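Visitor: I would like to learn how to read a few features of a structure. Could we go through one together?

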Amino acid sequence: MVRSGPDRFVKRLSSLYEEHKDHGTVWVTMKRIGEGKKHPDSGCLIRATDGKRKISCFIASSSKVTEFEPQLHAIMKAHFLGGVKTPQRTRKQPVSSKKKKTT
Amino acid sequence: MVYLEEWPVFLSSVQNMFLNKPNKTRYSVKYKNGKVALKVTDDQECLQFLLDPKYDFEKLENINAWFLSNMSRLPTEQSSV
(Lines give C-alpha, C1' and ligand atoms only; values in the text may rest on other atoms or scores of the structure.)
Protein backbone atom coordinates (compact mmCIF):
# COMPACT_ATOMS: atom_id res chain seq x y z
CA MET A 1 0.00 0.00 0.00
CA VAL A 2 1.30 3.44 -0.90
CA ARG A 3 1.13 5.89 2.02
CA SER A 4 1.20 9.54 0.92
CA GLY A 5 0.43 13.03 2.12
CA PRO A 6 -3.10 14.46 1.77
CA ASP A 7 -2.37 16.42 -1.42
CA ARG A 8 -0.82 13.48 -3.21
CA PHE A 9 -3.57 11.16 -1.95
CA VAL A 10 -6.22 13.41 -3.48
CA LYS A 11 -4.41 13.41 -6.84
CA ARG A 12 -4.08 9.63 -6.82
CA LEU A 13 -7.72 9.22 -5.79
CA SER A 14 -8.73 11.44 -8.68
CA SER A 15 -6.79 9.24 -11.10
CA LEU A 16 -8.42 6.12 -9.58
CA TYR A 17 -11.89 7.58 -10.18
CA GLU A 18 -10.90 8.65 -13.68
CA GLU A 19 -9.67 5.18 -14.61
CA HIS A 20 -12.90 3.58 -13.38
CA LYS A 21 -15.48 6.10 -14.56
CA ASP A 22 -16.95 3.66 -17.09
CA HIS A 23 -16.34 0.37 -15.29
CA GLY A 24 -15.15 -1.03 -12.00
CA THR A 25 -15.49 0.08 -8.39
CA VAL A 26 -13.57 2.46 -6.14
CA TRP A 27 -13.74 2.18 -2.35
CA VAL A 28 -12.74 4.95 0.07
CA THR A 29 -12.52 3.87 3.71
CA MET A 30 -11.99 5.94 6.85
CA LYS A 31 -10.92 4.51 10.19
CA ARG A 32 -9.75 6.04 13.43
CA ILE A 33 -6.32 4.96 14.62
CA GLY A 34 -5.87 5.32 18.37
CA GLU A 35 -2.67 5.80 20.33
CA GLY A 36 -0.62 2.68 20.82
CA LYS A 37 2.74 1.07 20.39
CA LYS A 38 2.49 0.97 16.60
CA HIS A 39 0.98 4.45 16.22
CA PRO A 40 2.32 7.25 18.44
CA ASP A 41 -0.30 9.69 17.14
CA SER A 42 -4.04 9.23 16.91
CA GLY A 43 -5.94 10.32 13.85
CA CYS A 44 -7.91 9.32 10.81
CA LEU A 45 -6.53 6.77 8.34
CA ILE A 46 -8.05 7.18 4.88
CA ARG A 47 -7.62 4.39 2.34
CA ALA A 48 -8.72 4.04 -1.25
CA THR A 49 -8.59 1.05 -3.59
CA ASP A 50 -9.94 -0.24 -6.88
CA GLY A 51 -9.35 -3.83 -5.87
CA LYS A 52 -5.80 -3.84 -7.23
CA ARG A 53 -4.05 -0.61 -6.31
CA LYS A 54 -4.16 0.69 -2.75
CA ILE A 55 -3.39 4.21 -1.54
CA SER A 56 -3.67 5.74 1.90
CA CYS A 57 -3.02 8.85 3.93
CA PHE A 58 -3.10 9.72 7.62
CA ILE A 59 -4.76 12.85 9.01
CA ALA A 60 -3.52 13.52 12.54
CA SER A 61 -5.18 16.78 13.47
CA SER A 62 -8.37 18.76 13.02
CA SER A 63 -6.52 21.56 11.23
CA LYS A 64 -5.43 19.18 8.48
CA VAL A 65 -9.02 17.99 8.15
CA THR A 66 -10.16 21.52 7.30
CA GLU A 67 -7.64 21.55 4.44
CA PHE A 68 -8.25 17.99 3.25
CA GLU A 69 -12.05 17.85 3.38
CA PRO A 70 -12.80 20.41 0.62
CA GLN A 71 -10.24 18.76 -1.65
CA LEU A 72 -11.84 15.34 -1.12
CA HIS A 73 -15.33 16.71 -1.77
CA ALA A 74 -14.18 18.52 -4.90
CA ILE A 75 -12.78 15.27 -6.31
CA MET A 76 -15.91 13.30 -5.44
CA LYS A 77 -18.17 16.00 -6.85
CA ALA A 78 -16.22 16.20 -10.10
CA HIS A 79 -16.28 12.46 -10.67
CA PHE A 80 -19.67 11.54 -9.20
CA LEU A 81 -21.59 14.40 -10.79
CA GLY A 82 -19.49 14.89 -13.86
CA GLY A 83 -19.65 11.31 -15.08
CA VAL A 84 -22.81 11.71 -17.13
CA LYS A 85 -22.26 10.17 -20.52
CA THR A 86 -23.33 12.33 -23.43
CA PRO A 87 -25.10 10.41 -26.20
CA GLN A 88 -23.00 10.03 -29.28
CA ARG A 89 -24.36 11.90 -32.24
CA THR A 90 -24.55 9.93 -35.46
CA ARG A 91 -23.30 11.84 -38.41
CA LYS A 92 -25.72 12.11 -41.25
CA GLN A 93 -24.20 11.27 -44.57
CA PRO A 94 -24.20 14.33 -46.84
CA VAL A 95 -26.48 14.10 -49.83
CA SER A 96 -24.45 14.16 -53.02
CA SER A 97 -25.24 17.34 -54.86
CA LYS A 98 -23.76 16.55 -58.21
CA LYS A 99 -25.37 18.57 -60.89
CA LYS A 100 -26.09 16.88 -64.16
CA LYS A 101 -24.84 18.74 -67.15
CA THR A 102 -27.49 19.28 -69.72
CA THR A 103 -26.60 20.07 -73.25
CA MET B 1 -26.00 -6.55 6.36
CA VAL B 2 -28.87 -4.07 6.41
CA TYR B 3 -29.67 -1.33 3.91
CA LEU B 4 -31.46 1.46 5.76
CA GLU B 5 -33.99 3.49 3.83
CA GLU B 6 -34.29 6.63 5.95
CA TRP B 7 -31.31 8.97 6.09
CA PRO B 8 -31.89 10.39 9.64
CA VAL B 9 -32.10 6.85 11.04
CA PHE B 10 -28.92 5.79 9.23
CA LEU B 11 -27.03 8.92 10.30
CA SER B 12 -27.94 8.68 13.98
CA SER B 13 -27.25 4.92 14.05
CA VAL B 14 -23.77 5.24 12.54
CA GLN B 15 -22.90 8.18 14.78
CA ASN B 16 -23.89 6.17 17.86
CA MET B 17 -21.92 3.19 16.57
CA PHE B 18 -18.79 5.34 16.22
CA LEU B 19 -19.22 7.06 19.60
CA ASN B 20 -19.58 3.66 21.30
CA LYS B 21 -16.59 2.09 19.55
CA PRO B 22 -14.42 4.83 18.00
CA ASN B 23 -11.40 2.60 17.34
CA LYS B 24 -13.40 -0.27 15.84
CA THR B 25 -15.80 1.58 13.56
CA ARG B 26 -14.95 1.83 9.84
CA TYR B 27 -16.75 4.02 7.30
CA SER B 28 -16.52 3.28 3.59
CA VAL B 29 -17.80 4.95 0.44
CA LYS B 30 -18.20 2.64 -2.56
CA TYR B 31 -18.72 4.16 -5.99
CA LYS B 32 -19.96 1.98 -8.82
CA ASN B 33 -21.97 2.73 -11.97
CA GLY B 34 -22.98 6.18 -10.79
CA LYS B 35 -24.30 5.02 -7.42
CA VAL B 36 -22.77 5.44 -3.98
CA ALA B 37 -23.08 2.85 -1.21
CA LEU B 38 -22.18 3.98 2.30
CA LYS B 39 -21.19 1.28 4.79
CA VAL B 40 -20.38 1.61 8.47
CA THR B 41 -19.35 -1.38 10.57
CA ASP B 42 -17.79 -2.11 13.96
CA ASP B 43 -17.15 -5.79 13.09
CA GLN B 44 -20.34 -6.76 14.91
CA GLU B 45 -23.01 -4.72 13.20
CA CYS B 46 -23.06 -3.42 9.63
CA LEU B 47 -25.24 -0.55 8.38
CA GLN B 48 -25.53 0.45 4.73
CA PHE B 49 -27.23 3.20 2.78
CA LEU B 50 -27.56 3.67 -0.98
CA LEU B 51 -27.66 7.14 -2.42
CA ASP B 52 -27.64 8.86 -5.78
CA PRO B 53 -24.91 11.51 -5.70
CA LYS B 54 -26.75 13.65 -8.27
CA TYR B 55 -29.57 14.31 -5.80
CA ASP B 56 -28.05 13.54 -2.39
CA PHE B 57 -24.49 14.83 -2.61
CA GLU B 58 -25.03 17.08 0.43
CA LYS B 59 -25.75 14.02 2.56
CA LEU B 60 -22.47 12.50 1.43
CA GLU B 61 -20.62 15.72 2.25
CA ASN B 62 -22.22 15.91 5.70
CA ILE B 63 -21.38 12.36 6.71
CA ASN B 64 -17.84 12.61 5.28
CA ALA B 65 -17.27 15.83 7.24
CA TRP B 66 -18.60 14.31 10.45
CA PHE B 67 -16.42 11.20 10.25
CA LEU B 68 -13.29 13.08 9.16
CA SER B 69 -13.67 15.58 11.97
CA ASN B 70 -14.45 13.05 14.69
CA MET B 71 -11.93 10.41 13.62
CA SER B 72 -9.08 12.90 13.69
CA ARG B 73 -9.94 14.29 17.12
CA LEU B 74 -8.93 12.99 20.53
CA PRO B 75 -11.58 10.89 22.33
CA THR B 76 -12.48 13.68 24.77
CA GLU B 77 -13.06 16.15 21.92
CA GLN B 78 -15.51 14.05 19.88
CA SER B 79 -18.84 15.70 19.22
CA SER B 80 -22.25 14.19 18.78
CA VAL B 81 -24.26 15.12 15.70
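Guide: Gladly, starting with residue classes: Ala, Val, Leu, Ile, Met, Phe, Trp, Tyr, Cys and Pro count as nonpolar, Asp, Glu, Lys and Arg as charged, and the others, Gly among them, as polar. This is a predicted model, where local features need pLDDT of at least 70, side-chain atom pairs count only at pLDDT 80 or more, and totals for chains, interfaces and linings use all residues. Residues are numbered from 1 along each chain as its sequence is written, chains are lettered from A in the order in which they are written, and side-chain values use heavy atoms, leaving out hydrogens and water.

Visitor: How many residues of each class are in the lining of the second largest pocket?

Guide: A pocket is an open set of points on a 1 Å grid over the protein atoms alone, where a 1.4 Å probe fits, with protein on both sides within 12 Å along at least five of seven lines; lining residues have an atom within 4 Å of a point. Here the lining has five nonpolar, four polar and four charged residues. The pocket holds about 200 Å³ of space, a volume being the space filled by probe spheres set on the points, which are joined across faces, edges and corners. Among the residues closest to its centre are A:Trp27, A:Arg47 and B:Arg26.

Visitor: How many disulfides does the structure hold?

Guide: A disulfide is a pair of cysteine sulfur atoms within 2.5 Å. Over all chains there are zero. The cysteine sulfur closest to that of A:Cys44 belongs to A:Cys57, and at 7.8 Å it is too far for a bond. For B:Cys46, also in no disulfide, the nearest cysteine sulfur is that of A:Cys44, 18 Å away.

Visitor: Is A:Cys44 buried or exposed?

Guide: Buried means under 20% relative accessible area, exposed over 50%, and partly exposed in between (1.4 Å probe, protein chains only). A:Cys44 is buried, because its relative accessibility is 0%.
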